[in-house]
Amino acid sequence: MANELILIVEDNEKNRKLVRDVLQVKGYKTIETETGEEGIRMAQESQPALILMDIQLPGMDGIAALKHLRADPKTRDIPVIAVTASAMTNKRETMLAEGFDGYQNKPISIKDFLEEVGKVLEAHRGVREAS
Ligand code: MN
């Protein structure tokens, strides 16, 4: 079941294209933006099944964007995977402690990346069905 809508928040065009292509080949639908501010608006409007959040973004960073998403009842239950290359944020435990549901470092490994996407979507489906 890989037809879920995934929101990609990533300011680097090359990274955005790679992630989009990898997800679309697997059958996921994607929407995308270059900024955290627009990502929040798109999440509210489109209710994606998952958000992939770059951390270093122009304007609001990915951690601040996550806090906005979590503060809004319309978006707080959407799982968010941090995708980052920053030395400050390249530790899985650090990002999970910030409240992210998953973590991938850049450059992404396609196999690990798709496993993480599948795992987080699956975990969230379990939560939805239990509630
Ligand atoms: Mn970036």
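Donors are N, O and S atoms within 2.8 Å of the metal, and since water is not among the atoms, a site may look incomplete. With that in mind, this predicted model places a manganese ion among three protein donors, namely Asp11 (OD), Asp54 (OD) and Gln56 (O), which lie 2.0 to 2.1 Å from the ion. The points below take up the metal site, then helix H1, and then the nonpolar cores.

**The manganese site**

- Along the chain, the donors of the manganese ion are spaced as D-x42-D-x1-Q. Asp11 belongs to the loop between strand E1 (5-9) and helix H1 (13-25), while Asp54 belongs to strand E3 (residues 50-54), so this pair ties together parts that are 43 residues apart in sequence.
- Asp11 has a relative accessibility of 32% and therefore counts as partly exposed, whereas Asp54, with a relative accessible area of 4%, is buried.

**Helix H1**

- H1 is made of 13 residues and spans 18 Å from its first C-alpha to its last, which is close to the 18 Å expected at 1.5 Å a residue.
- The residues of H1 that are buried are Arg16, Val19, Val22 and Leu23. When the helix is viewed down its axis, these buried residues fall within an arc of 140 degrees, so they line one face of H1.
- On the face of H1 turned away from that buried side are the exposed residues Glu13, Lys14 and Val25.
- The N-terminal end of H1 is capped by Asn12, which has a side-chain oxygen 3.0 Å from the backbone nitrogen of Lys14. Just after H1, Gly27 adopts a positive phi of about 100 degrees.

**The nonpolar cores**

- In soluble globular proteins, nonpolar side chains tend to be buried together.
- The largest nonpolar core here contains 20 residues, and those with the most contacts inside it are Ile51, Met53, Leu69, Val80, Met95 and Phe100. Two or more residues of this core come from each of E1, helix H2 (36-46), E3, helix H3 (62-71) and strand E4 (80-84), and H3 gives the most, with 4 residues.
- Val80, once its neighbours within four places in sequence are left aside, is in contact with Leu50, Ile51, Met53, Leu66, Leu69, Arg70, Phe100, Asp101 and Gly102.
- A second core, separate from the largest one, has 17 residues, among them Ile6, Ile81, Val83 and Ile108.

Conventions. Residues numbered from 1 in each chain as written. Predicted model: local features only at pLDDT ≥ 70, side-chain atom pairs only at ≥ 80, totals over all residues. Heavy atoms only, no water. Donors = N, O, S within 2.8 Å, 3.2 Å for Na, K, Ca; no water. Buried < 20%, exposed > 50% of the residue type's maximum accessible area, 1.4 Å probe, protein only. Expected span 1.5 Å × (residues − 1). Arc of directions from axis to C-beta. Polar contact = N/O pair within 3.5 Å; in protein donor to acceptor, adjacent residues only side chain to side chain. Core = buried A, V, L, I, M, F, W, Y, C linked by side-chain atoms within 4.5 Å. Contact = heavy atoms within 4.5 Å.
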